[in-house]
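Colleague: Could you take me through one part of this model in detail? I'd like to start with a helix and the strands it packs on, then work outwards.

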Amino acid sequence: METQPLLPSRGVSRSRLAVLKTAVVTVVLVAAIGALLVYSGYLWRPGHSAHSPLRRHSFDDERPGRLPVMGYNTWNAYYCDINEDKILKTAELMKSYGLLDLGYNYVGIDDCYSEKQRNSDGDIVEDPEKFPSGMRTLTDKIHDMGFKAGIYSDSGWFTCQIYPGSFQNEDRDIKLFRDDWNFDLLKYDNCAIPFDDVIKEGMVGKFQRMADAIENLAKSTGRPPILFSLCQWGEEQPWLWAKKISQSWRTTEDIGANWGSVMDILNRNSFITWANDFYSHNDMDMLEVGNGELSYEEAKTHFTAWALLKSPLLIGTDLPSASDETLSILKNEEIVAINQDPVVGTSVIPFRWGINPDWTYNATHPAQFWSGQSENGTVFMLLNTLDEPADLTFNLTESPWIKAGRQYSVRDLWTHTENGIAVRTYTAHAVPAHGVVALLLQDAGDEPEGLWPPCMRLNWCMAENGTRYDGRSLRDL
């Protein structure tokens, strides 16, 4: 039967039909845009308190590493002295201490878990004395407790402790780690580099080999790829290229459990904060909270800086002996919530160096005044790098995220108190030596009328009639 083209009835004009078609298309487009915004986390959802921590969002994207990894790594606490009992005990304590509920959901095994030689089939073999139950049994137990599991290897012939590395065995090893042993994260180190005439690659190509193996395995199995964390020490500026092949990358050499090391790493990272975003994390190295020479105030500063710069937060202390002070730092929900912000992926950035002129490279006195955006307001981090208490004062609009002519409520993210309303300036009094202040500022409406001078920033402050209020006239120019 011959079909006839559909024509508008006599009661509907062609112009009205066109309007109807346009309306339908508009509705479809609005619905699609709305769905995209909800997926991206940019629409406000009701029923959310401004200070409630760790509101979880659901994302369909199966790529790992959207937010900075949180969890535990064995190296700083135990070095090579590891075994399955220690790791399972650590996981049990993380759960009983409430760390898992806060987002510390990875349990990672570092170097020294294997035998010194591959087996006759060419595979890495777990040390039978350290891991008598086998790695798959261990990861099954870790997963049953609600965690994900992390493993370690190296881009060279050997690991840094001279266990088998993965160079020229990338496909074999990633299948072992991901499919056979069922790990969720791979920390990938930078030791035992092959001779130039063997590798014939630069730094990017050396790590690209494992990135390609990860991608190929994910495509062949249909499983999400393993999270790829480069332990590359900041050589050849990984913040310029590593986000194309991984989700995080070390920016410096290894951290030490002392104030000098913490400040040195913070100083180096103050110049590359622009690289931090979703799926893209400068890794300032594992936490030393609870270790070594760090005082309570220094450990708070260390944790705050790592969290607000959106570094991975990997606990590295012996949890069975952890003090209440150590746990109180690691369990600060409001600081953790900034690190795990589901809407804003960027980190705090310096807006004033303080002791030194801006943009000064100084390993002992890095930038003191930092700010950044968050889902719930503007975050400020103030550091006292001096060896004595100090007042720290800033003008609100020194931060690019603050609006002129507005006043702001102030919440202290360490005392968990509301600290009044800030108008134009804010002073944190008597900040302890090597201490930190972390604040959340939220818009509280117009500032009071009649404030003088008429501009918070005087440079080129001008009335409509051309009168300048910065102490200069046009004749001075």
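Modeller: Sure, let's start with H10, which lies across strand S11 (377–383) and strand S16 (436–446). Its direction is at about 145 degrees to S11. Bear in mind that this is a predicted model.

The strands under H10 belong to an open sheet of 6 strands, paired antiparallel, in the order S9-S10-S11-S16-S13-S14. At the edges sit strand S9 (349–352) and strand S14 (417–422), each with pairing on one side only. From one strand to the next, the twist averages 30 degrees. Out at the S14 edge, strand S13 (residues 406–412) runs antiparallel to S14, and 4 bridges join the two. If you want a spot to click on there, try Ser 409, which stands opposite Ile 421 in S14.

Now back to H10 itself, residues 296–308, and its helix neighbour H9, residues 259–269. Their axes come within 11 Å and cross at roughly 20 degrees. Because of that angle, H9 counts as roughly parallel to H10. The crossing of the two is left-handed. On the H9 side, the residues that meet H10 are Trp 259, Val 262, Met 263, Ile 265 and Leu 266. H10 answers with Glu 298, Thr 301, His 302, Ala 305 and Trp 306. Sorted by class, the contact of H9 with H10 comes to 7 nonpolar, 2 polar and 1 charged residues.

There's also another sheet to look at. This one is open too, with 8 strands in parallel pairing, and the order reads S7-S6-S5-S4-S3-S2-S1-S8. Strand S7 (281–283) and strand S8 (313–315) are its edges, each pairing on one side only. Here the twist averages 25 degrees from one strand to the next. Within this sheet, strand S5 (residues 227–230) pairs with strand S6 (residues 248–250) in the parallel sense over 2 bridges, and Ser 229 stands opposite Ser 248 in S6. A helix lies across this sheet's strands as well: H5 (residues 135–144) covers strand S2 (106–108) and strand S3 (148–154), running at about 140 degrees to S3.

How far to trust all this? The mean pLDDT of the protein chain is 89, with 86% of its residues at 70 or more. The stretch to treat separately is residues 1–60, where pLDDT stays under 50. For that stretch the model has 49 contacts beyond four places in sequence.

Definitions and conventions:
Residues numbered from 1 in each chain as written. Predicted model: local features only at pLDDT ≥ 70, side-chain atom pairs only at ≥ 80, totals over all residues. Heavy atoms only, no water. Axes fitted to C-alpha atoms, helices over the stretch in contact; angles between N-to-C directions. Parallel < 35°, antiparallel > 145°, perpendicular 65-115°, else oblique. Left-handed = near helix turned anticlockwise from the far one by under 90°. Contact = heavy atoms within 4.5 Å. Nonpolar A, V, L, I, M, F, W, Y, C, P; charged D, E, K, R; others polar. pLDDT = per-residue confidence, 0-100. Pairing = 2+ DSSP bridges.
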